[in-house]
Amino acid sequence: MAPTTSSDKEAVVVVDLRSDTLTQPSALMKQAMVEAPLGDDVFGEDPTVIALQKKVAALLGKEDALFVPTGTMSNLVAVLTHCQQRGSEVILGDQSHIHLYEQGGISQLGGVHPRTVRNLPDGTFDLHDLRRVVRSDNEHFPVSALVCVENTHNVAGGKVVPLDWMDELGATCRQLGLPLHMDGARLLNAATALDLPPARLVRSCTTISLCLSKGLGAPVGSVLAGPQDFIKRARRTRKAVGGGMRQAGVVAAAGIFALDHVYPALGRDHRLLQELAQAVEGCGSKVIRCDPRGAHTNILLVECDPSVVTPEALCERMGQATPAEVTSLGEHVIVRILPLTDSKARLVLHCDVTPGQVQSAARKLRYVIKELDSEC
Ligand SMILES: Cc1ncc(COP(=O)(O)O)c(C=O)c1O
């Protein structure tokens, strides 16, 4: 982000760390969009969409894939396609994006009943809990039809779900005869953190939703990957929920560009996030704390002592600069962050945040934390 200028002509550095969905398509990404060959994708004739779908299927080691406008629609289409019997139930984490932040669309639009298991702080859940909630064959009960998992786990702070647990989860689902869907909105961040091919992380998943418009920097798009017969049925579901797009190659081209050029650079965001985490931890504050080892990817959760400062108040303070602070830091920095819970605020990095902006944000965090410490 370019520095903006305030009314008194003082340069203001604005560092926006609210979300990795704030990215702008780069000039080269836009050029790829302009030059993309197009067709009508509802007829299955858009060569760029076809190329993106093939690319994602190969990347995830699945037979086929389907381009959809958003992560929410990708998860919705996946759940509705897996749960075609009325009275179906999906088992998912109580802190999962599908459960918390997708308006209950699986119930609202698909009549699918959610059954939650408690998410643990690392984004997993207890596999005994999973076995316990699977329904027996009884006419009083819904029918267990699907298990969902999220990787990286957003609310857990972008945590990479441990690979051995994923393998155990896959084995458990196979034993239970249940398909496994992964909300892999940030799967490529997880693959980058583990330094493994994404296909290895989703080996035990039947289907995966992968977002192109989070840290990958595309303006729009998600891809649902899975077995060929499933994707054929998912295409019908996508049409029913209004996701059949026509010359969609113009945006699919941004996705291809993101996979080729932004995905290889995700490690940079993870390294820069550690600079922010170290800045917070290095303060040794009891008011604002974080766990750099728990910050696996591009999301940092900071824990506030709400008796001193609530997450909302911290976000407000980070969005202002006092005259004393500007003099002390030698720059006027505004850092935009989001409150997440009663005690946590969230900072997220992405390809548009520069190392210089991260350093400015780190300096400001140190200053504000010292100020809060001095108040108690
Ligand atoms: C884990 C996860 N899944 C799904 C989504 C939904 O994606 P979209 O905003 O494209 O609908 C998000 C959005 O932030 C997310 O974080």
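The C-alpha centres of domain 1 and domain 2 sit 31 Å apart, in what is a predicted model. Domain 1 is built from two stretches of the chain, 4–23 and 265–374, while domain 2 covers 27–263. Where the two domains touch, domain 1 puts in 18 residues and domain 2 puts in 17 residues. On the domain 1 side, helix α12 and strand β11 (299–304) each supply at least two residues. The top contributor to that side is α12, with 4 residues. Sorted by class, the domain 1 side of the contact comes out as 7 nonpolar, 9 polar and 2 charged residues.

Since α12 turns up there, let's stay with that helix for a bit. Two packed helices are described by the angle between their axes and the distance between the axes. Take α12 (residues 266–282) and α15 (residues 355–374): their axes come within 9 Å and cross at roughly 15 degrees. An angle under 35 degrees counts as roughly parallel, so α12 is roughly parallel to α15. The crossing of this pair is right-handed. As for who meets whom, α12 brings Leu272, Glu275, Leu276, Ala279 and Val280, and α15 answers with Pro355, Val358, Ala361, Ala362, Leu365, Arg366 and Ile369. That contact splits into 10 nonpolar residues, no polar ones and 2 charged ones.

Now look at how α12 deals with α8 (residues 187–194). Here the axes are 9 Å apart and the packing angle is about 75 degrees, so α8 and α12 are roughly perpendicular to each other. From α8 come Leu188, Asn189, Thr192 and Ala193, and they meet Leu266, Gly267 and His270 of α12. The class split for α8 with α12 is 3 nonpolar, 4 polar and no charged residues.

Over in domain 2, which spans 27–263, there's another helix pair to look at. The axes of α1 (residues 27–35) and α11 (residues 249–262) come within 8 Å and cross at roughly 135 degrees. That angle makes α1 oblique to α11. The crossing of α1 past α11 is right-handed. Leu28, Met29, Ala32 and Met33 are the α1 residues in play, and they meet Val250, Ala253, Ala254 and Phe257 of α11. The contact between α1 and α11 has 8 nonpolar residues, with no polar and no charged ones.

Next, the ligand. Which residues are around the ligand? Going along the chain, they are Thr70, Gly71, Thr72, His97, Glu150, Asn154, Asp183, Ala185, Cys211, Ser213 and Ser222. By class, this shell has 7 polar, 2 nonpolar and 2 charged residues.

A couple of backbone details are worth a look before you leave. Asparagine 151 and threonine 152 are joined by a cis peptide bond, with omega about 0 degrees. Threonine 152 belongs to the loop between β6 (143–150) and α7 (163–176). Then there's glutamine 103, which has a positive phi of about 60 degrees even though it is not a glycine. You'll find glutamine 103 in the loop between α4 (97–101) and α5 (105–108).

To pull the helix story together, α12 runs roughly parallel to α15, whereas α8 and α12 are roughly perpendicular. And α12 is also the element that gives the most to the side of domain 1 touching domain 2.

Key
Residues numbered from 1 in each chain as written. Predicted model: local features only at pLDDT ≥ 70, side-chain atom pairs only at ≥ 80, totals over all residues. Axes fitted to C-alpha atoms, helices over the stretch in contact; angles between N-to-C directions. Parallel < 35°, antiparallel > 145°, perpendicular 65-115°, else oblique. Left-handed = near helix turned anticlockwise from the far one by under 90°. Contact = placed C-beta atoms within 7 Å. Nonpolar A, V, L, I, M, F, W, Y, C, P; charged D, E, K, R; others polar. Near = placed C-beta within 6 Å. Domains from an automatic or database assignment.
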